[in-house]
Amino acid sequence: MIVCYPTRVPRTFLIDTDTASDDAVALIMALRAPDVRVAAITTVAGNVDVQQATRNALYTVELCGANVPIYSGAEKPLLRPYSNATWFHGRDGLGDHNYPPPRRSSEAMHAADAIIDTVEAYPGLVIVTLAPLTNLALALAKKPAIASKVGRCVVMGGAPCCEGNVTPAAEYNIWVDPEAARMVLLSGLPVELIGWQLSRGEAVVNENDIARIQRLNSPLARFAVDCNSHARRAYKAQTGEDGISLPDPIAMCVALDPSIGTEWSEHYVEVETQSELSRGMTVVDRLNVAGDDRNCVVWGLAPRGKRKANVCWRIGTKRWKEALFSALR
């Protein structure tokens with residue numbers, strides 16, 4: 001008798017990134033996940049310019065021994081001047097350790113077109129965004145119908161109901177291109193919002209965690225710590241917390257295992273695009289009052305048949321760190 005065992009079909013991911021130190025660790029987590037096929041990586045201007053982001057993505061993929069097509073995308077936000085975050089991640093985005101150039105090159109197709117083609121080739125796929133949302137907004141503007149073909153859209157961005165990390169009101173990814181973020185949130189995509197605040201406090205990779213990673217003594221473990229050296233110093237100067245804050249890997253961890261998120265709720269989310277004081281603020285309708293008469297003029301677009309975002313408020317920090325250690329072994 002022949003016994004046939006069912007094989008698990010791998011989940012398909014598309015990752016959009018402005019590859020700097022924490023993005024690189026997030027890429028490692030996805031590329032090392034045994035049940036995930038990364039169909040494409042797209043890059044965008046954000047932490048570093050898009051050329052450097054592409055180079056860093058190529059280098060990280062090579063370090064993992066993977067073979068994933070990488071597509072370079074938008075060089076600037078939809079409407080605004082480009083503002084990088086090299087003050088946080090270093091001039092090259094990877095802590096300025098002079099990593100060698102990658103051997104491969106990126107693909108010729110623009111990232112926005114690659115997003116459209118990948119979604120159509122793999123309906124139901126998971127999109128994970130670790131960067132300003134310019135590429136995804138361009139893809140949606142060109143082909144809005146792709147929103148209905150995406151299974152999940154995990155967005156590392158925003159600071160729902162708390163302070164930001166680039167202004168008192170806003171998180172960097174949303175602040176850089178608030179118009180693009182607003183387009184994505186109003187597109188009907190099944191957005192899961194993973195805010196910057198989830199990488200703070202107990203979620204920070206502290207001195208003991210760093211020592212544990214270093215004891216793994218693998219090239220990936222060494223790279224993960226070293227490429228975040230500049231970011232660690234910048235994070236301590238910014239917040240007073242000592243350790244490595246990894247918002248992008250936390251978002252990737254939730255994309256890989258949604259149960260890492262232990263508290264969720266669905267709400268309409270708007271993005272401030274008019275005020276410079278609160279530019280890029282992710283305004284969450286946490287009490288579900290957007291549809292009230294007094295709010296319908298300002299909030300009219302959000303409740304008008306659009307899908308609510310699923311906002312993550314809390315994660316299991318112990319399980320998040322175990323997932324990180326496992327990926328770096």
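**Notebook: pockets, cysteines and confidence**

I looked up the largest pocket and found a volume of about 240 Å³. Of the 13 residues in its lining, Met29, Ala33, Leu256, Ala323 and Ser326 are the closest to the centre. I should record that this is a predicted model.

I then asked which helices contribute to this lining. Helices α11 (247-256) and α12 (317-328) each supply at least two residues of the lining of the largest pocket. The largest share comes from α12, with four residues. By class, I noted eight nonpolar, one polar and four charged residues in the lining of the largest pocket.

Next I turned to the second largest pocket, with a volume of about 170 Å³. Its lining includes Arg182, Glu270, Thr273 and Trp299. I recorded four nonpolar, two polar and three charged residues for the lining of the second largest pocket.

I also looked up the cysteines. A disulfide is a covalent bond between the sulfur atoms of two cysteines. The count for this model is zero disulfides. Why does Cys253 form no such bond? The closest cysteine sulfur, in Cys312, is 10 Å from the sulfur of Cys253, which is too far for a bond, as the cut-off is 2.5 Å. I noted that Cys253 is buried, with a relative accessible area of 2%, and that Cys312 is buried as well, at 0%.

Finally, I checked the confidence. The mean pLDDT of the protein chain is 94, and 95% of its residues reach 70 or more. Over residues 1-7, pLDDT stays under 50, and the model has zero contacts for them beyond four places in sequence. Where pLDDT is low, the predicted coordinates should not be read in detail.

Note on methods: Residues numbered from 1 in each chain as written. Predicted model: local features only at pLDDT ≥ 70, side-chain atom pairs only at ≥ 80, totals over all residues. Heavy atoms only, no water. pLDDT = per-residue confidence, 0-100. Contact = heavy atoms within 4.5 Å. Buried < 20%, exposed > 50% of the residue type's maximum accessible area, 1.4 Å probe, protein only. 1 Å grid on protein atoms, 1.4 Å probe; cavity = no way out; pocket = protein on both sides within 12 Å on 5 of 7 lines; lining within 4 Å. Points joined across faces, edges and corners; volume = space filled by probe spheres on them. Nonpolar A, V, L, I, M, F, W, Y, C, P; charged D, E, K, R; others polar.
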